[in-house]
Amino acid sequence: MPKQAATESHRNPSPGPSRGLVLLLVTIFGVGGGISCAGCAKAADPVVEHGAPTATGPGAANGTGANGTAANESAGGGVAEPVQPQAPQPAVGPAPVHGYRVLAEFTHDFRSFTQGLVFAEGQLYESAGKYAASDLRRVDLVTGEVLERRRLAGNYFAEGLAAVGERLIQLTWQNGKAFVYDRTTFEKIGEFPLAGEGWGLTYDGERLILSDGTEYLRFLDPETFAQLGTVRVTDDGRPIQRINELEFVRGEVWANIWQTNRIARIDPQTGRVNSWVDLTGIIDVNPVLVGGEPQNVLNGIAFEPITQQLYVTGKNWPKLFQIEVVE
Ligand SMILES: [Ca+2]
């Protein structure tokens, strides 16, 4: 049973998030080809059922390259798409920062380098990253037990995850492709080329929404995976980069910002950050550093559409939290 956690609310009125390094956006590449058939892939099936070791591999730190760019010339079949012109958003002052209240806490598999978290028909699904440790899993919300797992081959680094009907769509970080699974059987039923990096993924009921570490969100057709458009994410006119795990929540795109305690609540039409949720203090973990940068950070937002409940976790966190926002 979930342990009822303290209901103390947390607020942080400080202005916008630390921007970290100023990232250079090169080009947003699109997804081309509209391929969804497994037979279209020339490479061997990268998904294996067994045998992937759990040791972390080289370059296991997602995004620690910190270039945040979407450039990947070798992306299989990916077709570069120009960033669509977008009227600059007028500066209206920084978006407000909200606090949170923990309603319940649950066990989370601390071995999971969480990259995607999503509910579908009452079931919780997670994408775990890192080389030689990536998988797709169905998880017991309360116990954290892995109920179903499909490991990826060791050279793949899994990223964002979205549920579209009976399918699950899973990104990879720098492997230039995304995978499509049958949500019930976990069988891989397709893949498509992904130009640039894959970070976060969600579905708004009509379009897939993808982040790639830059300040842009890409919109993809959920059937053909063609790129439909992009939007630049800004707060008070300033670009917000390192947009990571995503969740579509009541008309907004909620986004973890890599290596921060903050969730941006983004208007998908304008890209403007409507508000922030600051989750500072939600968990006390010793930072695991790679290249001097913390890795076990907040990442993972899942909105349960049936119960309208909101859940968050982090990479290698031992806990998953049900929260509500305190405005
Ligand atoms: Ca999510």
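**Close-ups of two four-stranded sheets**

**View 1. Ala-163 faces Leu-168 across a strand pair.** In this predicted model, Ala-163 stands opposite Leu-168, a residue of strand 8. Strand 7 and strand 8 (residues 167-172) run antiparallel here, and five bridges hold a place between them.

**View 2. The sheet around that pair is open and has four strands.** Follow the strands across and you will read the order 7-8-9-10, with antiparallel pairing. Strand 7 (158-164) and strand 10 (188-193) are the edge strands, each pairing on one side only. From one strand to the next, the twist averages 20 degrees.

**View 3. A further open sheet has the order 11-12-13-14.** Its four strands, too, show antiparallel pairing. At the edges sit strand 11 (201-203) and strand 14 (227-232), each of which pairs on one side only. Here the twist averages 25 degrees from one strand to the next.

**View 4. Leu-217 meets its opposite number in strand 14.** Zooming in on this sheet, you will find Leu-217 opposite Val-231 of strand 14. Strand 13 (residues 216-220) is joined to strand 14 by five bridges, and the two run antiparallel.

**View 5. Stepping back, the whole chain has 25 strands and zero helices.** The chain has 327 residues, and 47% of them count as buried. Take the contacts between residues at least 6 apart in sequence: 64% of these join residues at least 24 apart.

How values were computed:
Residues numbered from 1 in each chain as written. Predicted model: local features only at pLDDT ≥ 70, side-chain atom pairs only at ≥ 80, totals over all residues. Buried ≥ 20, exposed ≤ 12 C-beta atoms within 10 Å, placed from the backbone. Contact = placed C-beta atoms within 7 Å. Pairing = 2+ DSSP bridges. Axes fitted to C-alpha atoms, helices over the stretch in contact; angles between N-to-C directions.
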